[in-house]
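Here's an informal walk through this model, starting with a side-chain contact and working outwards to the whole chain. Have a look at it before reading on.

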Amino acid sequence: MNEDTLNMEIRKYLKKVGVTSQREIEHAVLKAVENGQLAGKSSIRVKMTLEAPELGVSHCIEETIALE
């Protein structure tokens with residue numbers, strides 16, 4: 001195993017996950033605002049689950065994102 005390669009591959013993956021997730025959240029929030037689903041709400045709850053079945057990993061992160 002090459003630790004430098006592993007580190008770079010993990011960073012590439014996390015960058016892709018981060019950018020894609022941000023776009024999806026922004027799109028969903030804008031759509032919900034347009035549809036009136038978020039009227040009066042100042043935050044939304046989000047949850048992300050990382051799974052690596054070969055490693056037996058399932059890690060969940062839950063957070064609240066402020067809209068104002």
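## A salt bridge on the helix

Lys12 and Glu9 make a salt bridge, with 3.2 Å between their closest N and O atoms. Keep in mind that this is a predicted model. The salt bridge count comes to one.

Why do Lys12 and Glu9 sit about one helical turn apart? Both belong to helix α1 (residues 3-34), and they are three residues apart there, so about one helical turn separates them. As for the surroundings, Lys12 counts as exposed because its relative accessible area is 54%, and the cut-off for exposed is over 50%. Glu9 falls short of that cut-off: at 41% relative accessible area, Glu9 is partly exposed.

## The helix itself

How well does the end-to-end distance of α1 agree with its 32 residues? At 1.5 Å a residue, α1 should span 46 Å, and its end C-alpha atoms are 46 Å apart, so the two agree.

The buried residues of α1 are Ser21, Val29 and Ala32. Strand β1 is part of what covers them.

## The hairpin

Next come the strands. Strand β1 takes in residues 43-52 and strand β2 residues 57-66, and the two pair in the antiparallel sense over ten bridges. One pairing to look for is Ala52, whose bridge partner in β2 is Val57.

Together β1 and β2 form a hairpin, with four residues between the strands. Gly56 is in the turn, and its phi is positive, at about 70°.

## The whole chain

Stepping back, the chain has one helix and two strands, and from the N terminus on the order is α-β-β. Is the chain spread out or compact, judged against a globule? Its radius of gyration is 16 Å, whereas the globule rule gives 11 Å for 68 residues; the value is well over that, so the chain is more spread out than a compact globule. Along the principal axes, the C-alpha trace spans about 50 × 20 × 15 Å.

How much of the chain is buried? Buried residues account for 9% of the 68. The accessible surface comes to about 6300 Å², and carbon and sulfur atoms contribute 53% of that. As for contacts between residues at least 6 apart in sequence, 24% of them join residues at least 24 apart.

Technical notes: Residues numbered from 1 in each chain as written. Predicted model: local features only at pLDDT ≥ 70, side-chain atom pairs only at ≥ 80, totals over all residues. Heavy atoms only, no water. Salt bridge = Lys/Arg side-chain N within 4 Å of Asp/Glu carboxyl O. Buried < 20%, exposed > 50% of the residue type's maximum accessible area, 1.4 Å probe, protein only. Pairing = 2+ DSSP bridges. Rg over C-alpha atoms; globule rule 2.2 N^0.38 Å. Contact = heavy atoms within 4.5 Å. Areas by Shrake-Rupley, 256 points an atom, 1.4 Å probe, with all protein chains shown as cover. Expected span 1.5 Å × (residues − 1).
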